[in-house]
Structure formats: structure tokens, C-alpha cells
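Take a walk through this structure, from the overall fold down to single residues. Keep the 3D view open as you read.

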Amino acid sequence: MIGIGASLRGISLINFLEINPNVFEYLVEVNQAKVSKFTPKSLIPIVNESTESLKVSYYIILAWTQKDFILNKFKDLIDRGSTFILPFPRIEVIGKDPLKLKRELGALT
């Protein structure tokens with residue numbers, strides 16, 4: 001699983017939930033000032049957003065204030081079967097859901 005966007009809000013959520021590099025392989029980011037760095041505290045690598053960096057099935061949108069832009073940008077990945085998870089303001093699973101996360105998350109609400 002990778003995170004999309006190394007936003008301050010997203011990194012704050014990662015640190016609050018004590019998520020570590022075992023959960024996220026890396027975060028992808030377009031801001032070159034953040035690329036080749038690590039997230040504070042959790043030390044998750046931040047890499048350049050490129051086609052090669054986007055080859056997993058599950059993505060978490062950490063820049064949730066840019067949800068519409070990101071979903072439009074990665075529509076082809078969703079159409080090919082990838083799953084995007086929006087953690088905030090309400091957990092939302094977008095795309096195919098082979099692990100049945102929608103059902104599991106629905107049981108939590």
C-alpha cells in the first residue's frame with residue numbers, strides 16, 4: 001500500500017495513528033522539495049509521483065483536501081482495478097474492493 005500526497009494533514013494522521021513503514025511502502029508526492037525525504041517520526045520514504053511508483057493495488061489519499069483532483073488524475077488506475085481509500089472526513093473506499101474493506105468498515109460505524 002502506498003500513500004498519495006505527503007501533506008501536513010496526512011503526515012499528522014500517520015503519526016497520530018502510529019503508522020510505520022511496515023504499513024506504507026512509501027508516499028508519492030509531486031512537490032520536489034519533499035521528494036527523497038522521509039516523514040517525520042514515522043520515517044516513511046517520500047518518492048516522486050511517477051508511473052513506476054504507482055504499481056500497487058491499494059492507495060490511501062493522504063491529501064484528502066485534493067480528493068476530486070486526485071481521483072480524476074488517477075481514474076485510469078481505478079478503472080484498471082486499483083482501490084483508493086479516503087481516510088477523512090469519513091472513511092471511504094473507492095474502486096474495486098477485493099478485500100471487502102467496505103463491508104469491514106461498515107461494521108465499524
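The protein has 4 helices and 6 strands. Along the sequence they follow the pattern β-α-β-β-β-α-α-β-β-α. The model is a predicted one.

Some overall values come next. The protein has 109 residues, and 42% of them are buried. Take the contacts between residues at least 6 apart in sequence: 46% of these join residues at least 24 apart. The accessible surface is about 6,800 Å². Carbon and sulfur atoms account for 58% of that surface.

Now turn to strand 5 and strand 6. Strand 5 covers 83-86, and strand 6 covers 92-95. They pair in the antiparallel sense, over 4 bridges. The two strands form a hairpin, with 5 residues between them. One bridge can be picked out by name: Leu 86 has Glu 92 in strand 6 as its bridge partner.

The loop of this hairpin deserves a stop. Pro 89 sits in the loop between strand 5 and strand 6. The peptide bond that joins Phe 88 and Pro 89 is cis, with omega at about 5°. Phe 88 lies in that loop too. Is Phe 88 buried, exposed or partly exposed? Its relative accessibility is 43%, so Phe 88 counts as partly exposed. Being buried would take a value under 20%, and being exposed a value over 50%.

Phe 88 also leads on to the aromatic rings. How many aromatic pairs does the whole structure hold? A search finds 3. In one of them, Trp 64 pairs with Phe 88. The ring centres are 5.1 Å apart, and the planes make an angle of 45°. That pair is tilted. It links distant parts of the chain, 24 residues apart. Trp 64 belongs to the loop between strand 4 (58-61) and helix 2 (67-73). Trp 64 has a relative accessibility of 14%, so it counts as buried. The pair therefore joins a buried ring residue, Trp 64, to a partly exposed one, Phe 88.

A second pair consists of Phe 74 and Phe 84. Here the centres lie 6.1 Å apart, with 25° between the planes. This pair is stacked, because its angle is under the 30 degrees that set the limit for stacking. Again the pair links distant parts of the chain, this time 10 residues apart. Phe 74 is in the loop between helix 2 and helix 3 (75-79), while Phe 84 is in strand 5. What of their burial? Phe 74 is buried, with a relative accessible area of 4%. Phe 84 is at 0% relative accessibility and counts as buried. Tyr 59 joins these two rings: Tyr 59, Phe 74 and Phe 84 form one aromatic cluster.

Finish with the backbone in another loop. It runs between strand 2 (27-29) and strand 3 (46-48), and Lys 41 is found there. Lys 41 is not a glycine, yet its phi is positive, at about 70°. Leu 43 has its place in the loop between strand 2 and strand 3 as well. Leu 43 is no glycine either, and its phi is positive at about 55°. Are these residues buried or exposed? Lys 41 has 64% relative accessibility and counts as exposed. Leu 43, at 53%, also counts as exposed.

How values were computed
Residues are numbered from 1 along each chain as its sequence is written. This is a predicted model: local features need pLDDT of at least 70, side-chain atom pairs count only at pLDDT 80 or more; totals for chains, interfaces and linings use all residues. Side-chain values use heavy atoms; hydrogens and water are left out. Buried means under 20% relative accessible area, exposed over 50%, partly exposed in between (1.4 Å probe, protein chains only). Contact means heavy atoms within 4.5 Å. Accessible areas come from the Shrake-Rupley method with a 1.4 Å probe; for residues, only the protein chains shown count as cover. Rings of Phe, Tyr and Trp (its six-membered ring) pair if their centres lie within 6.5 Å; planes under 30 degrees apart count as stacked, over 60 as edge-to-face and the rest as tilted. Two strands pair if DSSP finds at least two bridges between them.
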